[in-house]
Amino acid sequence: MEKKELKKLIETATGKIPADLCIKNARIVNVFDRSIFDGDIYICGSYIAGFGGKNFPQAKEVFDAKGSYIAPGLIDSHVHIESSHLCPAEFSRIVVPHGTTTVFADPHEICNVCGLDGLDYMLKASENITLKVFLQFPSCVPATPFENSGAVLGAKEIASRIENPRIPALGEFMNYVGVCNADDEVLEKIITAKRAGKVFEGHCPYLSGSGLDAYIAAGALSDHECSTEEEAVERLKRGMYVILREGTACNDIKNLLPAVNENNYHLCLFCTDDRQPSSIVNEGHIDNNIRVAVKNGLNPLTAITMATLNAANCYGLRDRGAVAPGRLADLILFDDLNDFNVRKVWASGKLVSDEGKYLANDLYVKPEKVSGKMNVKNFSRERLALKLKSDRVRVIKIIPHEIVTEMAEAKVSLDKNGFWQRNSDDIIKIAVVERHKGTGNVGLGLIQGFGLKGGAIAMTIAHDSHNIIVIGDSDVDMETAVNCLIEMGGGMAIVKDGKILSSFQHEIAGIMCSKSAFEVADKIKEMKEIARSQLCISKDIAAFMTLCFMALPVIPALKITDMGLFDVTQFKHVSVELE
């Protein structure tokens, strides 16, 4: 803030000059003590000046809240914008009307494809939009050394960007094993961030005891991967922030709420992590987290505090997260604490959403260095053939509504030459085709729980390295789906009987597109319906969101990379056949 701007703010607060905007007759949510008071809010430029006083001059603009609630703009404490399939401008368009005005985004999806070019694109593309975007420098690109990604980001690359004020931290440190083992390369990344006064965000599912102590001692700020009350309590007692997630595939709030109480709620935040446009359009964003929490027994004022002040405090931001003098005028208006239906949104003192209509005009940035990222070599139908030495196999077993999987065992059918062939069970083939370095790698495995029959689904959205992932029960259909993606330069495809039933191009790094949020939501809805009606995908499975996490070798228990089947519990590749 410049001196002139500060002077104007002070003079507005003391009533010497008129405010730019006064929101009068409001029921103001005070997140400092979780109370509500009636009053007026005087705004100067982008900031809240105060609550007015006797004989204050009339503001240049007056809005009568007529007794509606006013709360701070909501904050998403951990999100991957890329998982929305949208560019940052379109992401802003879809989440701001739901009251989200600030996000902490980890761009490791696009950085796994494009390296620093991906980070620079996200910085530029999110600079001149309504949503305030802080980017965390991806800490694990690639997520593990057991897969091929499009880039490798180490301490040198971190040092080149970490001083940027819009980069407050290293992103989720998924390699918690490396942290706990004090691996030299891992420590160098952490020290590089610490030298710049930055922290790192945690990611440590199932970690407990002395391992958790070591991880937090190294500087892990938070964890959004808790799935049980016990995990959350263990972290909270150590002073770690616990982020309650409600995404599209992962819905953890209900399970974690019993861990939240009057003594520790200040360490609890909300996030969406990975949430598709249809989920945001139909259910909401962080406002949905609040509704889910309240429905399951959390005090509404506590829920709002977790979604605002707690998130700001976690990342050391004293300029937002509350309706108070000197804070940014990021404000939301709503009528009911339980329904929490956001009607109006102000960002930096300007009305940017009115009854769900987005009023801002954000700048779209062309993806000049992050498109056309497809380098597949030596792929053919023959590469998908799965020859086995035994009919006793390891199988990735899906858990509905979770990205955690089970390591199952099964007996499968083999043809006379020893190649897997589908029988009447629910086990189908899964493959990852490397698309960044032209290695020719094709990792093969078996998966259970999709319910797919007669076809294939393929995507270039496959966390975190975003190679091509494909499932199916026909090598012909799987090949057709993979080739469709190669020709498009990335995206999603559904194939049956050798024909492409539906496809959707993602021209930005193969993981995002420039289409409107509503176009994307409609297209994905159409593809989900095709997957269910034509390929019999289980109604309990979010097909595309679940599939894209099956290549993530840091989430237990069994996953697949371009190098083969991966046992996350042992952190090593294993054979499909059981010994």
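Let's start with Phe173, which counts as buried at 1% relative accessibility. Keep in mind throughout that this is a predicted model. Phe173 has a ring partner, Phe200, and that residue is buried too, with a relative accessible area of 2%.

How do these two rings meet? A pair of aromatic rings is described by the distance of the centres and the angle of the planes. For Phe173 and Phe200, the centres are 5.4 Å apart and the planes stand at 70 degrees, so the pair is edge-to-face. The pair also links distant parts of the chain: Phe173 belongs to strand β9, residues 169-173, and Phe200 to strand β10, residues 199-202, with their positions 27 residues apart. These two have company as well, since Phe173, Tyr176, Phe200 and Tyr215 form one aromatic cluster.

Stepping back for a moment, a search of the whole structure turns up 13 aromatic pairs. Another one I'd like you to look at is Phe37 with Phe51, an edge-to-face pair with 5.3 Å from centre to centre and 90 degrees between the planes. This pair, too, links distant parts of the chain, 14 residues apart: Phe37 lies in strand β2 (residues 35-44), while Phe51 lies in the loop between β3 (47-50) and β4 (62-64). Are these rings buried or exposed? Phe37 is partly exposed, with a relative accessible area of 27%, and Phe51 is also partly exposed, at 32%.

While we're on rings, please find Tyr265. The charged end of Arg34 sits over the ring of Tyr265, 4.0 Å from the ring centre.

Now for a helix. Please turn to α12, residues 286-295. Eight of its 10 residues are buried, so α12 is largely enclosed by the rest of the structure. Which residues are they? The buried ones in α12 are Ile286, Asp287, Asn288, Asn289, Ile290, Val292, Ala293 and Val294. If you follow the chain past α12, you come to Gly297, whose phi is positive, near 105 degrees.

That brings me to the backbone. Most residues other than glycine have a negative phi, and most peptide bonds are trans. With that in mind, here are some places you may want to display.

Asn25 is not a glycine, yet its phi is positive, about 55 degrees. Asn25 sits in strand β1, residues 21-30, and is partly exposed, with a relative accessible area of 42%. His85 also has a positive phi, near 70 degrees, in a residue other than glycine. Its setting is the loop between β6 (74-79) and α2 (88-95), and His85 is buried, with a relative accessible area of 3%.

Then come the cis peptide bonds. One joins His463 and Asp464, with omega about -5 degrees. Asp464 is in the loop between β24 (456-459) and β25 (468-472). Another cis peptide bond joins Pro556 and Ala557, with omega about 0 degrees. Ala557 is found in the loop between α17 (543-547) and β28 (558-561).

Next, let me show you Glu147. You'll find it in the loop between β8 (132-135) and α5 (155-161). Is Glu147 buried or exposed? Glu147 is buried, with a relative accessible area of 5%. Leaving aside residues up to four places away in sequence, Glu147 touches Pro142, Ser465, Ala551, Pro553, Thr561, Asp562 and Met563. One of those neighbours, Ser465, makes a side-chain to side-chain polar contact of 3.0 Å with Glu147. For a sense of scale, the C-alpha atoms of Glu147 and Asn261 are separated by 41 Å, and these residues are 114 apart along the chain.

Last topic: cysteines. How many disulfides does the structure hold? Zero. Take Cys114 as an example. Its sulfur is 8.0 Å from the closest cysteine sulfur, in Cys111, which is too far for a bond, because a disulfide needs two cysteine sulfur atoms within 2.5 Å. Cys513 is in no disulfide either; the nearest cysteine sulfur, that of Cys87, is 7.5 Å away. As for accessibility, Cys114 counts as buried at 10%, and Cys513 counts as buried at 0%.

That's my tour. Thanks, everyone, and I'm happy to rotate the view for anyone who would like to see one of these spots again.

Definitions and conventions: Residues are numbered from 1 along each chain as its sequence is written. This is a predicted model: local features need pLDDT of at least 70, side-chain atom pairs count only at pLDDT 80 or more; totals for chains, interfaces and linings use all residues. Side-chain values use heavy atoms; hydrogens and water are left out. Rings of Phe, Tyr and Trp (its six-membered ring) pair if their centres lie within 6.5 Å; planes under 30 degrees apart count as stacked, over 60 as edge-to-face and the rest as tilted. Helices (H or I, at least four residues) and strands (E, at least two) are DSSP runs, numbered from the N terminus. Buried means under 20% relative accessible area, exposed over 50%, partly exposed in between (1.4 Å probe, protein chains only). A charge sits over a ring if NZ of Lys or CZ of Arg is within 6 Å of the ring centre and within 35 degrees of the ring normal. Contact means heavy atoms within 4.5 Å. A polar contact is a pair of N or O atoms within 3.5 Å; within protein, one must be able to donate a hydrogen and the other to accept it, and residues adjacent in sequence count only if both atoms are side-chain atoms.
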